[in-house]
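Q: I have a model on screen and I'd like to learn how to read it. Could you walk me through it?

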There are 4 protein chains.
Amino acid sequence: MPKLGMEPIRRLALVKATIDELGARGSRDVTVARIAARAGMSSALAHHYFGGKDDMFLAAMRHTLRIYGAEVRGALVMADGPRARVEAVIRAGFGPANFRPEVVAAGLNFWLLARTNPGAARLLAVYQGRLRSNLLHGLRPLAGVQADAIAERIGALIDGIYLRQGLRHGPLETRPDGGQASAHVLAALQRELPR
Amino acid sequence: MPKLGMEPIRRLALVKATIDELGARGSRDVTVARIAARAGMSSALAHHYFGGKDDMFLAAMRHTLRIYGAEVRGALVMADGPRARVEAVIRAGFGPANFRPEVVAAGLNFWLLARTNPGAARLLAVYQGRLRSNLLHGLRPLAGVQADAIAERIGALIDGIYLRQGLRHGPLETRPDGGQASAHVLAALQRELPR
Amino acid sequence: MPKLGMEPIRRLALVKATIDELGARGSRDVTVARIAARAGMSSALAHHYFGGKDDMFLAAMRHTLRIYGAEVRGALVMADGPRARVEAVIRAGFGPANFRPEVVAAGLNFWLLARTNPGAARLLAVYQGRLRSNLLHGLRPLAGVQADAIAERIGALIDGIYLRQGLRHGPLETRPDGGQASAHVLAALQRELPR
Amino acid sequence: MPKLGMEPIRRLALVKATIDELGARGSRDVTVARIAARAGMSSALAHHYFGGKDDMFLAAMRHTLRIYGAEVRGALVMADGPRARVEAVIRAGFGPANFRPEVVAAGLNFWLLARTNPGAARLLAVYQGRLRSNLLHGLRPLAGVQADAIAERIGALIDGIYLRQGLRHGPLETRPDGGQASAHVLAALQRELPR
DNA sequence: AATGAATGAGGATTCATTCAT
DNA sequence: GATGAATGAATCCTCATTCAT
């Protein structure tokens with residue numbers, strides 16, 4: 001019994017299913033049929049709502065980044081002063097919404113996808129640009145000309161911790177420890193900033 | 001014109017072709033046929049020398065790590081004192097043999113593969129253990145109880161820089177700048193160590 | 001022009017095509033593609049409805065045995081007295097539905113398949129057990145302790161006649177003569193029973 | 001170090017390996033490479049001695065029938081009188097040389113092969129003709145006009161017992177009981193002959 | 001809106017067979 | 001005589017995608 005206004009519901013279900021599926025299996029074994037099944041619909045319907053598999057991946061990537069962006073923006077409004085802003089950006093990335101194992105695993109797949117898919121490359125560039133500019137905005141008043149180099153290192157450190165987290169022990173068992181992760185980055189930040 | 005003793009030659013050619021192919025396309029589009037073609041043989045012969053696709057991937061991963069290990073060992077013998085040893089480990093990772101774009105791209109694929117393939121997981125664990133212990137050996141005398149945390153951060157930073165490098169601009173155009181990469185890590189090291 | 005409720009139709013068509021194909025060619029040359037073509041569909045669809053080739057073979061074997069079982073049961077209800085029951089079992093096996101050349105040829109292939117495929121072995125065991133018990137039920141009142149040995153011989157004779165029929169002149173030309181076949185077994189039965 | 005006169009040795013080894021392989025696996029999984037390996041040589045050499053796979057099968061079939069024929073001839077010279085001749089033919093078929101599990105299993109495969117391979121069909125026809133004429137020669141003086149029908153039944157019974165033996169319990173465990181097998185056929189013969 | 005039906009294209013893998021050495 | 005090298009031709013199977021209902 002088809003209902004009206006199902007479109008956004010279906011699309012969201014598919015996007016979430018895509019992320020979960022990427023987390024559960026290697027991207028090589030993620031099929032449209034399995035995503036659709038996980039989302040509780042036929043694969044034909046998945047194609048109806050998205051043009052094809054790549055579109056679903058892109059939508060899932062966009063979804064992930066949108067949540068990340070919202071998290072960061074939310075943290076920034078609370079932050080007072082440049083240092084607090086930098087720390088807010090760091091902490092937001094490791095918050096419970098972004099640092100879930102499926103999300104991290106899916107994210108890694110999106111990154112690889114960006115190597116061949118122009119749309120994904122564009123999205124990735126946006127993320128990287130935003131992260132960089134967010135860090136820079138806070139760092140510039142604190143570190144002057146050093147800000148660029150520090151932003152690069154802090155950004156790379158964040159990505160590296162993500163990467164390591166995404167690959168921890170193959171299947172997704174233990175919840176990643178976002179607190180410890182951000183503690184590491186904050187410690188690095190502490191050492192980077194002039195006293 | 002079949003000759004004798006082709007096995008090692010063919011295997012090496014296939015391993016290199018696998019790495020190149022992973023560098024050139026996303027792992028999703030790497031087929032045995034294309035690897036074999038790039039290595040100048042039929043896909044049947046590739047299956048003859050390796051059990052199957054996964055074996056080829058594992059062999060390529062092993063090859064990559066073997067070269068990395070040799071590079072590190074070579075750098076370590078020249079190093080004098082703990083600080084020099086840590087720096088040697090860092091520099092070796094960004095040497096021209098390891099920091100080539102195809103190698104980095106292939107490496108990322110191997111990392112993702114480790115999420116689902118036990119053999120790859122084992123190899124990755126070996127690499128990570130070795131990196132960690134190498135760093136720790138040098139850091140312990142320099143930083144005492146802090147050594148563990150520092151090793152974790154330096155290791156993650158290295159991985160993060162690799163990751164960013166591997167995804168730079170999709171296709172492989174510009175040679176990655178290993179010098180700048182290791183300069184970043186060395187700078188972070190400098191800030192981590194007590195004065 | 002896809003319609004609904006095709007599944008049972010397609011499955012039956014595939015099962016019949018499997019039997020026919022086994023009859024027409026040696027099992028070595030029976031491919032999924034050819035079965036599907038004979039059934040008027042793509043091989044992909046055949047894989048969609050059955051898990052794979054082995055499943056198709058098992059389904060065909062099950063189909064054959066189901067028809068055989070129904071034939072026997074039908075004959076048994078009409079039979080009056082033990083002797084009539086034994087004769088009914090014999091005649092049913094050589095009835096026109098079971099003694100068609102393709103069916104016999106397919107049956108032989110199933111028997112060989114049972115040597116390596118556990119599922120086929122199970123089905124074959126069921127058939128053999130049923131045949132034996134059917135014969136025994138009728139023979140016991142007629143032959144007492146001899147019943148077992150007689151059942152074994154009659155059963156083997158039936159199988160032997162099937163075998164010879166299945167291999168008559170390679171390709172399937174002449175309709176096998178079920179009447180003559182069962183006449184032979186009935187004659188043997190007559191000689192086995194005490195006067 | 002190639003030796004002279006290897007040809008008959010190699011050929012025999014391949015023939016035996018073919019039979020054993022047919023006994024050990026289903027005919028579907030018997031490959032030239034495996035036969036050659038079992039015979040201790042390369043598959044290329046197998047092709048050198050036999051034109052191809054089919055030739056190897058035919059040679060193995062011929063070998064099997066030759067042994068069977070020799071066994072029968074040997075038994076016949078000792079037989080005195082028609083009844084003894086018939087019994088000798090029966091017993092020879094179930095002698096230890098012919099009733100080995102691998103041989104029986106291979107035989108079944110040859111029979112199926114005869115449905116599609118003209119050479120195999122010819123060989124099978126020879127065997128069947130010989131069996132029939134051997135039985136007839138002994139039966140004619142004993143049963144007159146009934147001889148034909150009896151020969152048909154006894155022949156089919158022999159084949160049926162072979163068939164059942166060949167499929168006993170999938171893999172080849174227990175040695176088949178040739179004594180019991182021939183006892184069954186002899187019992188049937190006893191009942192067929194007029195008193 | 002939703003789905004079962006259907007397929008073309010492709011991919012890993014196997015294997016009989018050939019050839020130069 | 002013997003073999004490693006090599007491949008073309010299948011074969012099974014999967015999957016994204018389309019279409020009629």
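A: Sure, and let's start with how copies are compared: they are superposed by least squares on the C-alpha atoms of residues with pLDDT of at least 70 in both. One caution is that this is a predicted model, where local features need pLDDT of at least 70, side-chain atom pairs count only at pLDDT 80 or more, and totals for chains, interfaces and linings use all residues. Residues are numbered from 1 along each chain as its sequence is written, while chains are lettered from A and ligands numbered from 1 in the order in which they are written.

Q: Which residue of chain C comes closest to the rotation axis?

A: That's C:Gly160, with its C-alpha at 1.8 Å from the axis. The operation behind it is a turn of 179° with a shift of 0.0 Å along the axis, which lays chain C on chain D with an RMSD of 0.1 Å. As for the surface used, 100% of the contact residues of chain C recur in chain D, so the same surface serves both copies.

Q: And what rotation superposes chain B on chain A?

A: A rotation of 179°, with 0.0 Å of shift along its axis and an RMSD of 0.1 Å. The two copies are thus related as by a two-fold rotation axis. In chain B, the C-alpha nearest that axis belongs to B:Gly160, at 1.8 Å. Here too the same surface serves both copies, with 100% of the contact residues of chain B recurring in chain A.

Q: How do I read a single chain? Let's take chain A: how many helices and strands does it have?

A: Secondary structure elements are DSSP runs numbered from the N terminus: helices are H or I with at least four residues, strands are E with at least two. Chain A has nine helices and zero strands, and along the sequence its pattern reads α-α-α-α-α-α-α-α-α. Along the principal axes, its C-alpha atoms fill a box of roughly 65 × 35 × 30 Å.

Q: What share of chain A counts as buried?

A: A residue is buried if 20 or more other C-beta atoms lie within 10 Å of its own, exposed if 12 or fewer, and partly exposed in between, with C-beta atoms placed from the backbone. By that count, 43% of the 195 residues of chain A are buried.

Q: What about contacts within chain A?

A: Two residues are in contact if their C-beta atoms, placed from the backbone, lie within 7 Å. Among the contacts in chain A with a separation of 6 or more, 66% are between residues 24 or more positions apart.

Q: Now the interfaces. How many residues do chains C and D put into their contact?

A: Chain C gives 30 residues and chain D gives 31. On the side of chain C, the elements giving two or more residues are helix H6 (101–113), helix H7 (118–143), helix H8 (147–166) and helix H9 (178–192) of chain C. H8(C) gives the most, with 10 residues. For residue classes, Ala, Val, Leu, Ile, Met, Phe, Trp, Tyr, Cys and Pro count as nonpolar, Asp, Glu, Lys and Arg as charged, and the others, Gly among them, as polar. The side of chain C that touches chain D then splits into 15 nonpolar, six polar and nine charged residues.

Q: How many residues do chains B and A contribute to theirs?

A: It's 30 from chain B and 31 from chain A. H8(B) gives the most to the side of chain B that touches chain A, with 10 residues.

Q: Where do chains A and B stand relative to chain C?

A: No contact joins chain A and chain C, and their closest C-alpha atoms lie 13 Å apart. Chain B and chain C have no contact either, with their closest C-alpha atoms 21 Å apart.

Q: Last one: how do I describe helix packing?

A: Two packed helices are described by the angle between their axes and the distance between the axes. Axes are lines fitted to C-alpha atoms, for helices over the stretch in contact, and angles run from 0 to 180 degrees between N-to-C directions. H6(D) and helix H8 (residues 147–166) of chain D pack at about 110°, with their axes 9 Å apart. H6(D) and H8(D) are therefore roughly perpendicular to each other (angles under 35 degrees count as roughly parallel, over 145 as roughly antiparallel, 65 to 115 as roughly perpendicular and the rest as oblique). The contact joins D:Val104, D:Ala105, D:Gly107 and D:Leu108 of H6(D) to D:Tyr162, D:Leu163, D:Gln165 and D:Gly166 of H8(D).
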